[in-house]
Amino acid sequence: MSFSDSRRSACHGLLTGLALAAGGTALPLSALAQFRVEISGVGATQIPVATGRFRDESRSPAALSAIVQADLERSGLFKVLDASADRLDETSRPALPDWRSKGADALLAGSVTPLADGRFDVRYHLWDVLKGKDQGGLSLVVPAADLRQAAHRIADDIYEKLTGDRGAFATRIAYVSKSGGKHHLLVADSDGEGAQSPLTSPQPIISPAWAPDGRQLAYVSFETGKPVVVVQDVSSGRRRVVAGFKGSNSAPAWSPDGRQLAVTLSRDGGSQLYLMGADGEGVKRLTQSGAIDTEAAWSPDGASIYFVSDRGGGPQIYRIAAGGGTPQRVTFNGAYNISPALSPDGKWMAYVSQVSGGYRVHLMDLASGAVKALTDTRDDESPSFAPNSRQIIYATRTQGREVLMTTTLDGRIKAHLATNVADVREPVWGPYLQPRR
Amino acid sequence: MQRHLTRFTPRFALMGAIAAAALLSACGSSVKLDENAGKPAPISDASIKSGQTDANANAGASSNVNQVVLTPKNDDALSGGLTRVIYFDFDSFVVKDEISAAIDGHAKRLTANKGKKVIVEGHTDERGGREYNLALGQKRAEAVQKSLTLLGVSADQVEAVSFGEERPAVTGASEEAWAKNRRAEIKDR
């Protein structure tokens, strides 16, 4: 019945996992890899949540409780207290005052039961220790392949019950890796695990963008010897070139309703913004400048498009009405501001700004225009918001390696996402997968 | 006057040596490679396979890589030794005077044969954003395209495209490496 800090809890999990693997249990790599998530920083106010391993978790191929714990910790809002020694499950009737005296504001416990048909019954229960209240739980029957997703859904449920905001753990990210001379487009869980590759190409792939329905990805492929914009259905693999005009075609951005794509084309000379239907039809020029206009990003209401232009000399971020008009400059600090991303709640813009030689993710409060740097690294790229607007994923370089990171919007909690390949880049956070209850 | 002087700088002597080496190495290559150089590969299931990483699955696609790596040097050798790589200064899109002889040569080659087409690929060094660099590379490619069309080459004969920072000539984070990557390449189609 002892508490330990979260790090010790993770180590305990790792040792258990290794012991299982050594004992001959077929534990998939992903279960072990989960523990490579490195979380740094201290949150301003973190809710202490007591939890332990789910009952019979070792009989399932996924380290469910560790996935839930890592999700909660990455959000920056929770501190996990290890309650493994208490061997609780969702049917327990814990004495909540006892847990309160141990410093827990919430307590959760669960179980995994293998079913005869090969699926798993995953259950969990949450208690609000402070309020002395039963918060209910979830019961999910899933095939082995969806166990990780079940853990993320449990984390989402806990997040919403304890913070009042919708969780975004049961979502997917897309990113690009280069290994062995090949370029891979990858789709993974929001924690970087369970990666699958919808595309492998001998040529570079950049700028993946999720369709709002989470089923298609637009990206730039160089497979024809020049950049063209391709839209691919993730589950079927069906793909089509939606922009393959003369010159370069790049920087696809889906309108929030999924009907249009903003792209950068050079077909009329220079790099300019165009709008087209998601099928590539009805191309219409949006900007008219002798400068570079690129990296379109839609506002969540679909009314305006943020983009990068060097019309004033160096690259700065501007905003233009989606129907056209005179662009307004948005960034004024620094000489190099690129890669705008708008938060789905419409309050924030993340972007990359060059500061004393380094490229760092910055956050602008759109209402006030106030700006702050979220990192102290030097090679940040491609910021993208979680669908609940509470976290940002981005690429950077640490110790000579390209890595994916998440940060909270206050910059306090950062997590280095586990990926199995050396060079990873171009992350983009996908939409919610489950419809709102 | 300035132009004559630059021809005798050590850098130019080095470039000559590189060109000569490229000529020699190209002699051993089959002509077939050059026929395929710069031609876009069609998008098909054969060239790109989903969800597979083994070499066998990408057998059709791996030839693409060979084209890309070998094209510039082979092209130099097989088109009368005209340099096909044009270097740019940092943050610059100006086609330097010292390259004008090569631009003239390509312009003559293209005006003499109106059926001949080239693709100009713009490239940048690794610093900065990928999409912004793609646009900067496009600017370099279009500067070379403009140099050619000003000399009478038809706009239909030259397509300017960009690879941004995605296909560096050399790897490394030094000024020397970056200088070699800030370039445009003229490739026959």
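A residue counts as buried here if 20 or more other C-beta atoms lie within 10 Å of its own. Keep that cut-off handy, because "buried" and "exposed" come up a lot in this tour, and a residue is called exposed when the count is 12 or fewer. What you're looking at is a predicted model. We'll start with chain A as a whole, zoom in on some of its parts, and then hop over to chain B.

**Chain A from a distance**

- Chain A has 5 helices and 30 strands.
- Its radius of gyration is 23 Å, close to the 22 Å that the globule rule gives for 437 residues, so chain A is as compact as a globular protein of that length.
- If you lay the C-alpha trace of chain A along its principal axes, it spans about 70 × 45 × 40 Å.
- Of the 437 residues in chain A, 52% are buried.
- Take the contacts in chain A with a separation of 6 or more: 47% of them come from residues 24 or more positions apart.

**Two domains in chain A**

- The domain assignment splits chain A into domain 1 (6-163) and domain 2 (172-432).
- Measure from one C-alpha centre to the other and you get 33 Å between domain 1 and domain 2 of chain A.
- The two do touch: 19 residues of domain 1 of chain A are in contact with 18 residues of domain 2 of chain A.
- Which elements give two or more residues to the domain 1 side of this meeting place in chain A? They are α2 (29-33), β1 (38-40), α3 (64-74) and α5 (147-163) of chain A.
- On that side of domain 1 of chain A, the touching residues divide into 6 nonpolar, 8 polar and 5 charged.

**A covered helix: α3 of chain A**

- How many of the 11 residues of α3(A) are buried? The count is 11 of 11, so by the cut-off of 20 or more neighbours this helix is mostly covered.
- Among these buried residues are A:Leu64, A:Ile67, A:Val68 and A:Leu72.
- The buried list of α3(A) also includes A:Asp71, A:Glu73 and A:Arg74.
- Just after α3(A), A:Gly76 takes a positive phi of about 80 degrees.

**Strands and hairpins in chain A**

- Strand β27 (residues 391-398) of chain A is mostly covered too, with 6 of its 8 residues buried.
- Strand β26 (residues 381-385) of chain A runs antiparallel to β27(A), and 3 bridges join them. One pairing to look for is A:Phe385 with its bridge partner A:Ile392 in β27(A).
- The hairpin of β26(A) and β27(A) has 5 residues between the strands, and A:Ser389 there takes a positive phi near 65 degrees.
- β27(A) is also joined to strand β28 (residues 401-408) of chain A, by 8 bridges and again antiparallel. Here A:Thr398 stands opposite A:Arg401 in β28(A).
- The hairpin of β27(A) and β28(A) has 2 residues between the strands.

**Positive phi values in two loops of chain A**

- Most residues other than glycine have a negative phi.
- A:Gln399 sits in the loop between β27 and β28 of chain A, and its phi is positive, near 50 degrees. Is A:Gln399 buried or exposed? With 5 other C-beta atoms within 10 Å, it is exposed.
- A:Ser356 lies in the loop between β23 (348-355) and β24 (358-365) of chain A, with a positive phi near 35 degrees. A:Ser356 is exposed, with 7 other C-beta atoms within 10 Å.

**The sheet in chain B**

- In chain B, 4 strands make an open sheet in the order β1-β4-β2-β3, with mixed pairing.
- Why is one side of β1 (85-87) and of β3 (158-164) of chain B left without a neighbour in the sheet? These strands stand at the edges, so each has a single partner strand.
- From one strand to the next, the twist averages 20 degrees.
- Strand β2 (residues 118-123) of chain B pairs with β3(B) in the parallel sense over 6 bridges, and B:Glu121 stands opposite B:Val161 in β3(B).
- Helix α6 (residues 130-150) of chain B packs on the sheet, touching β1, β2, β3 and β4 (183-188) of chain B. The direction of α6 makes about 155 degrees with that of β3(B).

**A glycine that touches chain A**

- B:Gly129 is in the loop between β2 and α6 of chain B.
- B:Gly129 counts as buried because it has 26 C-beta neighbours inside 10 Å.
- The C-alpha atoms of B:Gly129 and B:Glu165 are 8.7 Å apart, although the two residues are 36 residues apart along the chain.
- Across in chain A, B:Gly129 touches A:Ile338, A:Ser339, A:Val352 and A:Glu381.

Methods:
Residues numbered from 1 in each chain as written. Chains lettered and ligands numbered in written order. Predicted model: local features only at pLDDT ≥ 70, side-chain atom pairs only at ≥ 80, totals over all residues. Domains from an automatic or database assignment. Contact = placed C-beta atoms within 7 Å. Nonpolar A, V, L, I, M, F, W, Y, C, P; charged D, E, K, R; others polar. Pairing = 2+ DSSP bridges. Axes fitted to C-alpha atoms, helices over the stretch in contact; angles between N-to-C directions. Rg over C-alpha atoms; globule rule 2.2 N^0.38 Å. Lists of a residue's contacts leave out its neighbours within four places in sequence.
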